[in-house]
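I am opening a notebook on a structure that is new to me. My plan is to look at the whole chain before turning to single helices and residues.

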Amino acid sequence: MPKPLQQLIQTNNIILFDAECVLCSAWADFMIKHDVEYLFKLVSVQSNVGQQLLAYCHLPTDHFETMVLLENGQCYTESTAFLRIMHQLDSPYASLKYARVIPKLVRDFAYRRIALNRYRLFGKTEQCYRVTPETQQHFLLDEVLT
């Protein structure tokens with residue numbers, strides 16, 4: 001693994017999201033608004049960094065079925081990723097940690113139903129999520145590996 005990528009993984013909590021998905025882009029907006037302590041860095045799965053991180057997690061790089069959280073070098077997906085992220089945000093979102101009492105099989109089934117139908121339910125954008133100067137500090141961009 002290239003040293004810059006290894007350093008990114010070790011020093012950041014990273015959320016990979018599908019930047020062409022309307023729901024996933026809304027998720028990125030939610031994180032920008034509610035992650036006021038900059039606990040997480042967002043990365044588009046379509047970006048060069050995103051593709052390398054997907055490969056690190058042994059996930060497909062050509063189709064995207066789940067959000068991914070890289071935390072302390074560990075990859076989390078589906079409902080587990082979502083709940084780990086929510087747990088670190090302020091109330092009322094942190095209270096979602098109690099949803100972990102729901103069996104993972106049930107949580108992930110519900111997560112997959114939404115994830116696999118997200119384009120049909122919420123749409124797909126013509127262009128990837130746009131990072132602005134105001135939101136840039138929430139993202140890891142391809143330039144960090146060069």
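**Entry 1: the chain as a whole**

I began with the inventory, and in the protein chain I find six helices and four strands, which follow one another along the sequence in the pattern α-β-α-β-α-β-β-α-α-α. I note at the outset that what I am reading is a predicted model.

Next I looked up the overall dimensions. The radius of gyration is 15 Å, close to the 15 Å that the globule rule gives for 146 residues, so the chain is as compact as a globular protein of that length. Along its principal axes, the C-alpha trace spans about 40 × 30 × 30 Å.

I then asked what share of the 146 residues is buried. The figure is 40%. I also looked up the contacts between residues at least 6 apart in sequence, and of these 67% join residues at least 24 apart.

**Entry 2: helices α2 and α4**

I turned to the pair formed by helix α2, residues 22-34, and helix α4, residues 78-88, whose axes come within 12 Å and cross at roughly 20°. Angles under 35 degrees count as roughly parallel, and α2 and α4 are therefore roughly parallel to each other. The handedness of the crossing of α2 and α4 is left-handed.

Which residues make this contact? On the α2 side I list W27, F30 and M31, and on the α4 side F82, I85 and M86. Sorted by class, the contact of α2 with α4 has six nonpolar residues, with no polar and no charged ones.

**Entry 3: more on α4**

Staying with α4, I looked up its buried residues, which are E78, S79, T80, A81, L83, I85 and M86. The buried residues of α4 pack against several elements, namely the strands β1 (13-17), β2 (40-44), β3 (68-71) and β4 (74-77), together with the helices α2 and α5 (104-116).

E78 deserved a separate look, since this residue of helix α4 has a phi near 50°, a positive value in a residue other than glycine. I wanted to know whether E78 is buried or exposed. Its relative accessible area is 12%, and because buried means under 20%, E78 is buried.

**Entry 4: three more buried residues and their contacts**

For each residue here I left aside the neighbours within four places in sequence.

E71 lies in strand β3 and counts as buried at 8% relative accessibility. Its contacts are with N13, Y76, R84 and Q88.

C24 lies in helix α2 and is buried, with a relative accessible area of 15%. I find C24 in contact with F17, D18 and R118.

H138 lies in the segment after α6 (118-122), and at 6% relative accessibility this histidine also counts as buried. The residues in contact with H138 are M31, I32, D35, Y38, F40, K41 and L42. M31 had already come up in my second entry, as one of the α2 residues in the contact with α4.

**Entry 5: backbone details in two loops**

In the loop between α3 (48-56) and β3 I stopped at H58, which has a positive phi of about 60° although it is not a glycine. Is H58 buried or exposed? With a relative accessible area of 73%, H58 is exposed. I also looked up how H58 stands to C24, and the two are 34 residues apart in sequence and 21 Å apart in space, C-alpha to C-alpha.

The other loop is the one between α4 and α5, where P92 has its place. A cis peptide bond joins S91 and P92, with an omega of about 10°.

**Entry 6: a last look at α1**

I ended with helix α1, residues 3-11, in which L5 is found. L5 is buried, with a relative accessible area of 4%. I looked up how far L5 is from A99, and the answer is 94 residues in sequence and 32 Å in space, C-alpha to C-alpha.

Note on methods: Residues numbered from 1 in each chain as written. Predicted model: local features only at pLDDT ≥ 70, side-chain atom pairs only at ≥ 80, totals over all residues. Heavy atoms only, no water. Axes fitted to C-alpha atoms, helices over the stretch in contact; angles between N-to-C directions. Parallel < 35°, antiparallel > 145°, perpendicular 65-115°, else oblique. Left-handed = near helix turned anticlockwise from the far one by under 90°. Contact = heavy atoms within 4.5 Å. Nonpolar A, V, L, I, M, F, W, Y, C, P; charged D, E, K, R; others polar. Buried < 20%, exposed > 50% of the residue type's maximum accessible area, 1.4 Å probe, protein only. Rg over C-alpha atoms; globule rule 2.2 N^0.38 Å.
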